[in-house]
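Let's walk through a few local features together, one question at a time. Have the model open as you read.

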Amino acid sequence: MGFRGEALASMTYVAHVTVTTITKGQLHGYRVSYKDSVMEHEPKACAAVKGTQIMVENLFYNMVARRKTLQNSADDYSKIVDLLSRFAIHHIGLSFSCRKHGAARADVHTVATSSRLDAIKSVYGVSVAHNLLKVEAQDDDPSSSIFEMNGFISNSSYSAKKTTMVLFINDRLVECTALKRATEVVYAATLPKASKPFIYMSITLPPEHVDVNVHPTKREVSLLSQEVIIGKIQSVVESKLRNSNEARTFQEQTVEPSASCPIIASPMVANKDRHHNPSSSGQKSQKVPVQKMVRTDSLDPAGRLHAYLPAKPLTNLENSNSLTVVRSSIRQRRNPKETADLSSIQELLEEIDSKCHSGLLDIVRHCTYVGMADDVYALLQHNTNLYLANVVNLSKELMYQQVLRRFAHFNGIKLSDPAPLSELITLALKEEDLDPECSENDDLKKKIAELNTNLLKQKAELLDEYFCVHVDEDGNLCWLPVILDQHTPDMDRLPEFVLCLGNDVDWEDEKNCLQGISAALGNFYAMHPPLLPNPSGDGLQFYQKSKHLSASDGGIDFSVDKGDDSKMEDEIDHELMSEAQVAWSQREWSIQHVLFPSLRLFLKPPVSMAANGTFVQVASLEKLYKIFERC
């Protein structure tokens, strides 16, 4: 696609670049970091999702003058969204996601699909997709031109203030001024004045017929026999529009409220208007008492407390409004009732809605993530209150609810090596023993493993169709579902999950069966603390191993009173500790960047969480001020 790596290499000079990659069939991936164009360390083994992730941070950290030119990041972000939107509707076999830092929702979010019209609908909105016509043109005459074109153009009912033309030539996003001008001429005779079309075209022709060197950045191209190709495409577009011009749809225009009609403005806009027009209101704005002032933004998931910062004026309303169509289309695809194909699933979803605690829902929706207090609890701020929230309970409930919402519509994770169910169940039974070395009940464990394996093989079709848990004919676990994007379960808990499917699920009753499987998946995918102790703090003792040194080895004898010429020295198992540090840091990153944004979007906390210690209020700003006033 014309990318030779210069841009990636250039980024290492002006930013901190981290590359994580894994190829198909490998058990683990590798991660390496670059700074000042130099590799900071040799590639390190790490857990990774198949493919390559390139992370660029602290852009222009070493070029102060260049960094100052990036003050208006909203303009750059709108260009990024526009570029990724164009790629998303062309490469429909891939998934694209783009989310602005601090935003709870993605502005571009597509999944791999076979329908280009569905991709356009998810990116540009339903109103665009409903007014598109499919066009095709081709010519294989070597004497005139060789090309093949297919795409979508807007019909006569579509109207916009700006032309949107997405053009790919040989799978490369480019511009062709002559082709754009030719299509606009056709629409000028069809659409009302000042109305512009939407055009998507993909043209394939021999590479030697494309000149990519007519523009320094290769954005524009010139074609061999360009006049002939453009003329034929223009004729096809004109014919298609003429045939579709028999009926037209006109949209109603909303009447703007007059000055006599009262309108409700947002607080920030109202304050701004009041500042410019003091006579518009005879009342002074009420000042919020300091003990009730909220100094954090719940839309910022960065985990930092931005205290005492003045509110910024709304100067980029137009940029935010241009993304409204994208956000609304994403919300429409998040309707959980679309996946409730069985009455039992519908009943379970209705139970979630009926048992939802409104107070906790408000906390989850509008809280600010502060950080992890310990291995299980996270600190959250909601309004002027500080809470401890049990991450394990929250993630378990979220995963359970997501399983029900995505019922029978899962993407899958393929295991690199199929895992035999019998071995997993045996391993889980041994982990439950107080003495794992004891072999008295091995025959009983083997019998339990055999019975559960046969049971799961009998239920393999149900597990595969509804939950994407694929068990092959030999009793091997091959696939697991994707419950939450960007999150994979802790595979150390896989034996426990398989044993739970065999022992704890009521396979006779439909509703209880589906609920049991969903609960087992929720517990498996929950963000439990890693099995290796946390190296920071008391867990460091786990990684210390004693080493016996004598005076003859150069050791110093500290036990003179006992007449012993040796001592015990603690040595750190650095390899094991490094593995634990990676696991714990990945969990904390997932909690901050994956779990809490998803909680805001999807979780409906049940009433039970108000009493079981999932949420604990630890401080209140009003009460703290009362204490300070006494001092």
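Q: In which sense do strand E9 and E12 pair, and over how many bridges?
A: This is a predicted model, so the answer describes the prediction. One bridge places Ile153 opposite Ile199 in E12. Strand E9 covers residues 145–154. Its pairing with E12 is antiparallel, over six bridges.

Q: Which residue of E12 stands opposite Phe168?
A: Strand E10 (residues 164–169) runs parallel to E12, and six bridges join the two. Within E12, the residue facing Phe168 is Ser202.

Q: Why is strand E12 largely enclosed by the rest of the structure, and how many of its residues are buried?
A: Buried means under 20% relative accessible area. Strand E12 spans residues 198–204, and it is largely enclosed because most of it meets that cut-off: the buried count is six of the seven residues.

Q: Is Glu575 buried or exposed, and what is its relative accessible area?
A: Glu575 lies in helix H19 and belongs to a negative surface patch with Glu431, Glu432, Asp492 and Glu579. Helix H14 (421–432) and helix H19 (574–602) each give two or more residues to this patch. A residue counts as exposed over 50%. Glu575 is therefore exposed, at 69%.

Q: What is the phi of Asp36, which is not a glycine?
A: Asp36 sits in the loop between strand E2 (29–35) and strand E3 (38–39). Asp36 is partly exposed, with 39% relative accessibility. Its phi is positive, at about 55°.

Q: Where does Ala408 lie?
A: Ala408 also has a positive phi, of about 65°, although it is not a glycine. At 28% relative accessibility, Ala408 is partly exposed. Its place is the loop between helix H13 (391–405) and strand E18 (411–420).

Conventions. Residues are numbered from 1 along each chain as its sequence is written. This is a predicted model: local features need pLDDT of at least 70, side-chain atom pairs count only at pLDDT 80 or more; totals for chains, interfaces and linings use all residues. Side-chain values use heavy atoms; hydrogens and water are left out. Patches are made of residues with over 30% relative accessible area and no salt bridge: like charges are joined within 9 Å, nonpolar side chains (Val, Leu, Ile, Met, Phe, Trp, Tyr) within 5 Å. Accessible areas come from the Shrake-Rupley method with a 1.4 Å probe; for residues, only the protein chains shown count as cover. A salt bridge is a side-chain nitrogen of Lys or Arg within 4 Å of a carboxyl oxygen of Asp or Glu. Lys and Arg count as positive and Asp and Glu as negative; His and the chain ends are not counted. The place of a charge is taken as NZ of Lys, CZ of Arg, CG of Asp or CD of Glu. Helices (H or I, at least four residues) and strands (E, at least two) are DSSP runs, numbered from the N terminus. Buried means under 20% relative accessible area, exposed over 50%, partly exposed in between (1.4 Å probe, protein chains only). Two strands pair if DSSP finds at least two bridges between them.
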